[in-house]
Amino acid sequence: GAANNLLAAMLDNHIHQGNELGIDVRSITWRRRVDMNDRQLRNVVDGLGARADGVAREDGFDITVASEVMAAFCLASDIMDLKARLGRIVVGYNYEGQPVTAEQLKANGAMAALLKDALKPNLVQTLEGTPAFVHGGPFANIAHGCNSVIATRMAMHFADYVVTEGGFGADLGAEKFLDIKCRMANLKPDAVIIVATVRALKYNGGVPKDQLNNENLQALEAGIPNLLKHVENITQVYKLPAVVAINEFPTDTQAEVELVRTKCKELGVNVALSQVWAKGGEGGIELAEEVLRLCEQ
């Protein structure tokens, strides 16, 4: 947030101090950030007041994690790479329609300096003592939806097996993980876990939310093509071995789970139940064993 708003401040200060780059205030694309959803701040007019208070223009605030700074931060391999990526951020356009970047404003060095300590991954642990890195979180609907390259590489250095997440489903987060992060960081996944729930598949099949607790094999069969397409993309487009993890709910029936198993088996993919929410690590043994099998085959 601080690095994002520093760039915004330097942009407006450049305009106030004479606008040497000829930035068109009607074509500024860089917005300020705030760590709160506040719809009143989505579109504002700032720079009001006396001459020394800046140039009045339309502006706005977005939530911090939606900043392009977060995406650049998570793809950076080191501090110099981060500085270069920040420098390529486009903040707006000049009167000739040419893009203006953070590097032209000489803002990327100061932004990188603000982020130098944040670039170090945060080591935490689960309730059972399993180490985990929590580092970065760009939204997958507007960015690439993956944690930092630095944290993933560090985890691979210290552990035999590393699990990382591509947010927003296999048709968005996973594809961006494979197309963007893996290519840029030269990562080669050994296996993919596609997470699904019986409830979501029934919802895709047309069941109202207040009826999802009831067994409905017909709706499940109608909704399961959504999951099967995700499986097909991973195994046939990306040519990666996969397992479907059913995040089990107490209302799931044996018949519903078996239907999912059967349909996935037709594509050559196994299904493993995940009961981690109730049993901790013990509830993920079936899934872990299948992942190990895929990695070692």
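This short talk goes through a three-stranded sheet, a hairpin and two buried residues of a predicted model.

Some housekeeping. Because the model is predicted, local features need pLDDT of at least 70 and side-chain atom pairs count only at pLDDT 80 or more, while totals for chains, interfaces and linings use all residues. Residues are numbered from 1 along each chain as its sequence is written, and side-chain values use heavy atoms, with hydrogens and water left out.

I will start with the sheet. Helices (H or I, at least four residues) and strands (E, at least two) are DSSP runs, numbered from the N terminus. Two strands pair if DSSP finds at least two bridges between them. In general, strands of a sheet pair through backbone hydrogen bonds, either parallel or antiparallel.

Here we have an open sheet of three strands in the order β1-β6-β7, and the pairing is antiparallel. Which strands stand at the edges? They are β1 (23-28) and β7 (99-101); each has a single partner strand, so one side of each is left without a neighbour in the sheet. From one strand to the next, the twist averages 50°. Axes are lines fitted to C-alpha atoms, for helices over the stretch in contact, and angles run from 0 to 180 degrees between N-to-C directions.

Strand β6, residues 90-94, pairs with β7 over three bridges. One detail to find on screen: V90 has T101 in β7 as its bridge partner. Helix α1 (residues 2-16) lies across β1 and β6, and runs at about 135° to β1.

Next, the hairpin. Strands β8 (residues 122-125) and β9 (residues 131-134) run antiparallel and are joined by four bridges. Q125 stands opposite P131 in β9. Five residues lie between the two strands, and G129 in this hairpin takes a positive phi near 90°.

Now the two residues. Buried means under 20% relative accessible area, exposed over 50%, partly exposed in between, with a 1.4 Å probe and protein chains only. Contact means heavy atoms within 4.5 Å.

K202 is in helix α7, residues 198-204. Is K202 buried or exposed? It counts as buried, because its relative accessibility is 1%. Leaving aside neighbours within four places in sequence, K202 touches several residues, among them L220 and E256.

L259 sits in helix α9, residues 254-265. L259 has 16% relative accessibility and therefore also counts as buried. With the same neighbours within four places left aside, L259 is in contact with L217, L220, E221 and I224. L259 and L220 are 39 residues apart along the chain, and their C-alpha atoms are separated by 8.2 Å.
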